[in-house]
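Here are my notes on this one, written as numbered points so you can follow along in your viewer. Have the sequence open as well.

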Amino acid sequence: MKRRYVIVGVGVRGINMFLRPLVQTYTDVAEVVGLCDTNPKRLEAANELVGTSLPVFTDFDEMMRKVDCDAVIVTSVDATHHRYIIGALEAGKDVITEKPMTIDDVRCRAILEAERSSTGRVIVTFNYRYAPYNTRIKELLQSGVIGRVHSVEFSWYLDTIHGADYFRRWHRRKENSGGLFVHKATHHFDLVNWWLEQKPVKVYATGRKNFYRPDRQERGERCSTCRYTNTCEFFFDLNADPVLRKLYVEAESEDGYYRDRCVFDPDIDIEDTMGAVVTYSGGTQLTYSLHAFSPFEGWRIAFNGSEGRLEAGVWETFYPSQARLLPDRKSVRRSMDPALAARGQMETLRADEIRIYPLYGGARIERVPRVKGGHGGGDERLLDMLFRGDVPDPLGHAAGSEDGAMSILTGVAANRSIETGRAVYVQDLLTGAETVRAGA
Ligand SMILES: NC(=O)c1ccc[n+]([C@@H]2O[C@H](COP(=O)([O-])OP(=O)(O)OC[C@H]3O[C@@H](n4cnc5c(N)ncnc54)[C@H](O)[C@@H]3O)[C@@H](O)[C@H]2O)c1
């Protein structure tokens with residue numbers, strides 16, 4: 001029998017990751033029986049873009065009363081996830097939620113409590129775990145190739161297209177996203193938890209907004225009404241993409257959600273430069289950094305173990321071409337550096353290598369073939385697990401609410417550490433002791 005799903009939140013992610021595959025690829029095992037979003041025009045647009053005429057609701061409770069489903073897929077704004085996760089669990093339904101599971105410790109505890117008293121279960125869609133490259137790292141570490149891992153160095157770089165996008169829309173406010181330590185780093189902290197098979201214990205962090213600052217004089221409220229589009233390297237033409245136009249520009253009148261706000265707006269309260277030191281239950285130490293204004297997009301990691309070192313990393317873009325976002329005159333300035341390309345360095349940087357350095361010699365390089373698809377090929381593999389189910393999972397790819405909690409609470413602890421200047425214990429966030437201490 002087909003499983004029946006409803007989807008809450010029909011932005012780009014809800015449509016492209018879930019709605020479209022469900023109605024195009026998984027029709028033998030799944031059925032979408034309802035869509036919910038606070039914006040009625042976006043609901044209409046979602047049906048139109050995908051070629052469906054599914055029942056739509058602006059009220060979640062009404063949808064749950066009128067529609068019979070087995071599971072709720074949550075792809076709304078981060079700060080609203082808990083409402084739908086808890087609502088679904090109270091109705092005894094399973095939940096598939098996008099990361100981050102939620103944005104703070106109070107909502108996190110409420111979700112864990114709701115799941116304890118429900119017959120429903122929560123799955124958090126940590127797609128990066130499913131990328132073959134990341135899976136290979138897990139296999140190598142599990143095989144003991146570098147012995148016991150004592151420390152991890154992990155840096156993530158967002159370029160000035162992807163990184164800037166978090167400063168244009170709702171993510172720019174911590175009350176919506178928890179900031180990048182939660183919204184973005186939840187992916188990264190989850191990978192470390194999964195790779196190490198340990199839990200985070202203590203977090204010390206710093207963070208600042210250094211780059212997307214309101215110092216720029218030539219700025220407007222949003223790109224579509226700005227006077228400086230000819231000179232601004234962050235000009236984002238929302239109208240140029242017919243899908244974005246339909247989903248967002250044509251739905252603005254309903255909720256005032258402008259997807260092209262100025263990245264230099266003083267209203268932004270999230271950081272763009274972050275660093276954290278995290279200690280783990282098995283004694284491992286992580287030093288982590290995240291930058292949202294890099295010339296390239298990707299990440300680097302090194303695991304230092306009792307018997308050697310493993311280095312890995314992926315370069316997703318390098319000097320990104322702005323052609324999709326900017327008029328031609330700008331793409332020249334920001335296209336790939338020809339000198340670098342001529343030297344063949346692009347290929348070196350893009351190769352998905354894993355380097356293994358045993359302590360006393362015998363270094364080797366493994367190349368993991370690149371696969372197509374979103375998030376290193378993780379998206380497609382995750383969907384198969386979610387909707388076809390019953391696939392063997394020897395490496396524990398599937399993630400539940402505890403994994404969701406452990407990854408976001410590392411970021412929540414980091415945020416609190418930035419505020420207070422002290423180290424924060426994840427256990428205190430789980431029990432509520434930290435909430436009492438903060439006087440919240
Ligand atoms: N796993 C990944 O790699 C990945 C990638 C992109 C986005 N995401 C996640 O997917 C989610 C959606 O992101 P997006 O980029 O599509 O954002 P979006 O802004 O395009 O879409 C969010 C939708 O939520 C709706 N919404 C806002 N408040 C709501 C409420 N109270 N109730 C119901 N709906 C509400 C908005 O109207 C909008 O349609 C986020 O949680 C994001 O973190 C995950």
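The points below go from the overall fold to the sheet, one helix, two backbone oddities and the ligand.

1. **What we have.** Keep in mind that this is a predicted model. The protein contains 19 helices and 15 strands. Its radius of gyration is 22 Å, close to the 22 Å that the globule rule gives for 440 residues, so the protein is as compact as a globular protein of that length. Along the principal axes, the C-alpha atoms fill a box of roughly 65 × 55 × 50 Å.

2. **Burial and contacts.** Of the 440 residues, 41% count as buried. If you take the contacts with a separation of 6 or more, 72% of them come from residues 24 or more positions apart.

3. **The open sheet.** Strands of a sheet can pair either parallel or antiparallel, through backbone hydrogen bonds. Here six strands make an open sheet with parallel pairing, and the order is β3-β2-β1-β4-β5-β6. At the edges sit β3 (56-57) and β6 (122-124), each of which pairs on one side only.

4. **Walking across the sheet.** Start at the β3 edge: β2 (residues 30-36) runs parallel to β3 and is joined to it by two bridges. L35 has V56 in β3 as its bridge partner. Further in, β1 (residues 3-8) and β4 (residues 71-74) run parallel and share four bridges, with V6 opposite V72 of β4. From β4 you can carry on to β5, again parallel and over four bridges. V72 is a handy residue to click on here, since its bridge partner in β5 is V95.

5. **Helix α10, length.** Does the span of α10 agree with or depart from what its twelve residues should give? It agrees: at 1.5 Å a residue they should span 16 Å, and the end C-alpha atoms are 16 Å apart.

6. **Helix α10, surroundings.** This helix is mostly covered, as ten of its twelve residues are buried. Among them are F189, L191, V192, W194 and W195, but also H188, D190 and N193. The buried residues pack against α6 (132-142), β7 (149-159), α9 (180-183), β8, β10 (285-294) and α17 (401-420).

7. **Just after α10.** E197 follows the helix directly and has a positive phi of about 55°, although it is not a glycine. You'll find E197 in the loop between α10 (185-196) and β8 (200-208). Is E197 buried or partly exposed? With 20 or more neighbours needed to count as buried, E197 is partly exposed because it has 14 other C-beta atoms within 10 Å.

8. **A cis peptide.** Have a look at the bond from K99 to P100: it is cis, with omega near -20°. P100 is in the loop that links β5 (94-97) and α5 (105-116).

9. **Around the ligand.** Which residues are closest to the ligand? They are G9, G11, R13, S76 and E98, out of 22 that surround it. Helix α1 (residues 12-24) supplies the largest share of the shell, three residues. By class, the shell has twelve polar, six charged and four nonpolar residues.

Note on methods
Residues are numbered from 1 along each chain as its sequence is written. This is a predicted model: local features need pLDDT of at least 70, side-chain atom pairs count only at pLDDT 80 or more; totals for chains, interfaces and linings use all residues. A residue is near a molecule or strand if its C-beta atom, placed from the backbone, lies within 6 Å of it. Ala, Val, Leu, Ile, Met, Phe, Trp, Tyr, Cys and Pro count as nonpolar, Asp, Glu, Lys and Arg as charged, and the others, Gly among them, as polar. Two strands pair if DSSP finds at least two bridges between them. The expected span of a helix is 1.5 Å times one less than its number of residues. Two residues are in contact if their C-beta atoms, placed from the backbone, lie within 7 Å. The radius of gyration is taken over C-alpha atoms; the globule rule is 2.2 Å times the number of residues to the power 0.38.
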